[in-house]
Amino acid sequence: SAQRPVIVVGVEPRRIRSRKALFAALERFAGADPDKVKAELARPEVEPDWFVPVAELRPERYERVRPRLYPVPGTVFRRSRSRLASTDEFAFHVLGRVGEVTAELLAELGDPYTAGDSVGLFGLEATFERRLAGKPSGHVAVVHADGKRVKVLRRFRGSPPRPVRTTLDAEVQAAAEKALTTVKRPAALVALDPVSGKIRAVASRPLGGFERALAARYPPGSTFKIVTTTALLENR
């Protein structure tokens with residue numbers, strides 16, 4: 001994953017004409033959950049002119065749905081950046097994905113995270129969230145009513161994000177995912193480097209389902225023939 005450009009799809013309450021039409025469009029073209037959108041808009045602190053983010057789209061996807069989403073009264077858009085893999089499918093289960101922090105994760109992560117922050121929801125993105133996100137810096141200062149700073153009382157030193165390296169090979173991973181493109185039933189594929197033992201590709205389908213490639217349990221089956229064949233060759 002890397003910091004990549006995204007289009008943040010949001011709602012400005014005062015511009016809404018039909019909530020039904022708005023929620024339907026956001027669900028169909030932006031993948032936003034209508035119930036979550038309703039909950040966000042119902043928050044007591046939300047003002048009529050606020051930008052309420054509800055989804056993030058890659059620029060290419062936004063361009064495809066823009067003609068259907070942009071004209072809907074109430075929708076507003078901002079350009080931003082987010083931690084994303086090279087494609088929506090690339091190493092989905094292993095790398096994980098970033099999204100709005102849940103109540104459970106917020107309680108687990110603690111400070112300095114707050115509601116509305118984007119965090120790793122699963123996979124390596126979740127496991128190494130603090131490392132990948134870094135730590136924000138800040139300060140507490142005394143300021144006059146005219147906005148002029150009087151004195152800085154305390155500074156908080158942050159830290160930059162640090163990368164996480166995997167042994168996945170981009171070409172091998174792409175080939176693994178391509179091999180499962182037409183597979184309709186649940187399936188998984190793991191490619192190992194026999195010399196180093198490093199994992200070069202992990203693919204599991206369906207994308208949004210159980211991560212069967214690494215988390216499921218299977219009998220050894222024909223994979224054990226490698227062991228028996230090796231023993232046979234070594235003892236000829």
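This briefing walks through the fold, the cores, the strand pairing, the salt bridges and a few backbone details of the structure above. Please keep in mind that the model is predicted. The protein chain has 236 residues, and its secondary structure comes to ten helices and nine strands. A good residue to find on your screen is Val 9, which is among the residues with the most contacts inside the largest nonpolar core and has bridge partners in both β3 and β2.

**Overall shape and surface**

- Along its principal axes, the C-alpha trace of the protein chain spans about 90 × 50 × 30 Å.
- The radius of gyration is 23 Å, whereas a compact globule of 236 residues would have one near 18 Å.
- Buried residues account for 30% of the 236 residues.
- The protein chain exposes about 16200 Å², and 54% of that area is supplied by carbon and sulfur atoms.
- Taking the contacts between residues at least 6 apart in sequence, 58% join residues at least 24 apart.

**The nonpolar cores**

- The largest nonpolar core has 22 residues, and those with the most contacts inside it are Val 9, Leu 22, Leu 26, Leu 41 and Leu 69.
- Five elements each supply at least two residues of this core: the strands β1 (2-11) and β2 (52-57), and the helices α1 (19-30), α2 (34-41) and α3 (59-69).
- The element that gives the most to this core is α1, with six residues.
- Leu 26 makes a handy viewpoint: leaving aside neighbours within four places in sequence, Leu 26 is in contact with Val 9, Val 11, Gly 31, Ala 32, Val 37, Val 54, Leu 69 and Thr 75.
- A second, separate core has eight residues, including Ala 85, Val 94, Leu 95 and Val 202.

**Strand pairing around β1**

- β1 pairs with strand β3 (residues 75-84) in the antiparallel sense, over ten bridges.
- β1 also pairs with β2 in the antiparallel sense, here over five bridges.
- If you follow Val 9 across to β3, you reach its bridge partner Phe 77.
- Going from Val 9 to β2 instead, you find Ala 55 standing opposite.

**Salt bridges**

- Side chains of opposite charge can pair when their charged atoms come close.
- The structure holds eight salt bridges, and three of the pairs are described below.
- Arg 14 and Glu 12 meet through their side chains in a salt bridge, at 2.5 Å from N to O.
- The two partners sit in opposite settings: Arg 14 counts as exposed because its relative accessibility is 57%, above the 50% cut-off, while Glu 12 is buried because its relative accessible area is 9%, under the 20% limit.
- Glu 12 and Arg 14 also belong to a network of salt bridges that includes Arg 15.
- Another salt bridge joins the side chains of Glu 40 and Arg 43, at 2.7 Å from N to O.
- In this pair, Glu 40 is buried, with a relative accessible area of 17%, and Arg 43 is partly exposed, with a relative accessible area of 32%.
- The side chains of Arg 83 and Glu 129 form a salt bridge too, at 3.0 Å from N to O.
- This pair links distant parts of the chain, with Arg 83 in strand β3 and Glu 129 in helix α7 (residues 129-133), 46 residues apart.
- Arg 83 and Glu 129 are both buried.

**Backbone details to check on screen**

- Asp 111 and Pro 112 are joined by a cis peptide bond, with omega about 5°.
- Pro 112 lies in the loop between α5 (103-109) and β5 (118-120).
- A cis peptide bond also joins Arg 205 and Pro 206, with omega about 5°.
- Pro 206 is found in the loop between β9 (199-205) and α9 (212-215).
- Ala 91 is a residue other than glycine with a positive phi, near 45°.
- You can find Ala 91 in the loop between β3 and α4 (92-95).
- Ala 91 counts as buried because its relative accessibility is 1%, under the 20% limit.

Definitions and conventions:
Residues numbered from 1 in each chain as written. Predicted model: local features only at pLDDT ≥ 70, side-chain atom pairs only at ≥ 80, totals over all residues. Heavy atoms only, no water. Core = buried A, V, L, I, M, F, W, Y, C linked by side-chain atoms within 4.5 Å. Buried < 20%, exposed > 50% of the residue type's maximum accessible area, 1.4 Å probe, protein only. Helix = DSSP H or I, 4+ residues; strand = E, 2+ residues; numbered from the N terminus. Contact = heavy atoms within 4.5 Å. Pairing = 2+ DSSP bridges. Salt bridge = Lys/Arg side-chain N within 4 Å of Asp/Glu carboxyl O. Rg over C-alpha atoms; globule rule 2.2 N^0.38 Å. Areas by Shrake-Rupley, 256 points an atom, 1.4 Å probe, with all protein chains shown as cover.
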